[in-house]
Amino acid sequence: MSFVGILLLVTIASAAQGYRVCPKGWVYYRNRCYLFSEEKATVKEAMKGCANAASNGRLVQVHNAQEEAWLEQQLKLRAMSRVWMGMSDIMEETVFLKLTDARKIAFTNWNDNEPNNHRGIEDCVEWVSNGKWNDAPCDVKRQFVCEMP
Ligand SMILES: [Ca+2]
Ligand SMILES: [Ca+2]
């Protein structure tokens, strides 16, 4: 096949999925790629796991209600609950920042009475079974979601 032919096929394949093609195992949604882990890990291990899975891979950050709803649906499909995402208030209590660039988060979906910093040791953020967020100890092992921005 000619070079142009190959180029055309790649372009068509990209267009079919939107803007980009996600690597094998990653799921496409609105111009991002997401990876749902099978193994469980601490937040530190999960951050490493995401970076190892893709050079620009990171623990997922939720940017808006649409993305949140899609992620909740995906977690339900996979029967995943208690899943790490990429935010923490480890720098300053009650101020939750993105783990990648320490910027404040614009969107939250806390469960009732959360974040409660239970026992003073909850600095990381997980989804719980109702799809809402809870702060939990960062060294507990959970499944996790990576994203490629
Ligand atoms: Ca905390
Ligand atoms: Ca909590």
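**Exercise 1.** In this predicted model, determine which residues of helix α2 are buried and where they lie around the helix axis.

*Solution.* Step 1: helix α2 covers residues 43-53, and its buried residues are Val43, Ala46, Met47 and Cys50. Step 2: around the axis these residues span an arc of only 105 degrees, so they sit on the same side of α2. Step 3: on the face turned away from that buried side are the exposed residues Lys44 and Asn52. Step 4: the partners of the buried residues of α2 are the strands β3 (58-59), β4, β6 (124-127) and β8 (143-148), against which they pack.

**Exercise 2.** Follow alanine 46 from its contacts to the largest nonpolar core.

*Solution.* Step 1: set aside the neighbours within four places in sequence; alanine 46 is then in contact with Ala41, Leu59, Trp84 and Phe144. Step 2: the largest nonpolar core has 24 residues, and Ala46 is listed among those with the most contacts inside it, together with Leu59, Trp84, Met85, Phe144, Val145 and Cys146. Step 3: two or more residues of this core come from each of α2, β4, β6, β7 (133-136) and β8. Step 4, for background: nonpolar side chains in soluble globular proteins tend to be buried together.

**Exercise 3.** Describe how strands β4 and β5 are joined and what lies between them.

*Solution.* Step 1: β4 (residues 83-92) and β5 (residues 95-98) run antiparallel and are joined by three bridges. Step 2: glutamate 92 is placed opposite valine 95 of β5. Step 3: the two strands make a hairpin with two residues between them. Step 4: in the turn, threonine 94 has a positive phi of about 75 degrees.

**Exercise 4.** Decide whether glutamate 67 counts as buried, partly exposed or exposed, and locate it relative to tyrosine 29.

*Solution.* Step 1: glutamate 67 belongs to helix α3 (residues 65-77). Step 2: a buried residue needs 20 or more other C-beta atoms within 10 Å, and an exposed one has 12 or fewer. Step 3: glutamate 67 has 18 C-beta neighbours inside 10 Å and therefore counts as partly exposed. Step 4: its C-alpha atom is separated by 8.4 Å from that of tyrosine 29, although the two residues are 38 apart along the chain.

**Exercise 5.** Summarise the chain as a whole: its elements, their order, its burial and its contacts.

*Solution.* Step 1: the chain holds three helices and eight strands. Step 2: read from the N terminus, their order is α-β-β-α-β-α-β-β-β-β-β. Step 3: 27% of the 149 residues count as buried. Step 4: of the contacts between residues at least 6 apart in sequence, 56% join residues at least 24 apart.

Notes. Residues are numbered from 1 along each chain as its sequence is written. Chains are lettered from A and ligands numbered from 1 in the order in which they are written. This is a predicted model: local features need pLDDT of at least 70, side-chain atom pairs count only at pLDDT 80 or more; totals for chains, interfaces and linings use all residues. Two strands pair if DSSP finds at least two bridges between them. Helices (H or I, at least four residues) and strands (E, at least two) are DSSP runs, numbered from the N terminus. The arc is that of the directions from the helix axis to the C-beta atoms. Two residues are in contact if their C-beta atoms, placed from the backbone, lie within 7 Å. A nonpolar core is a set of buried Ala, Val, Leu, Ile, Met, Phe, Trp, Tyr and Cys residues joined through C-beta atoms within 7 Å.
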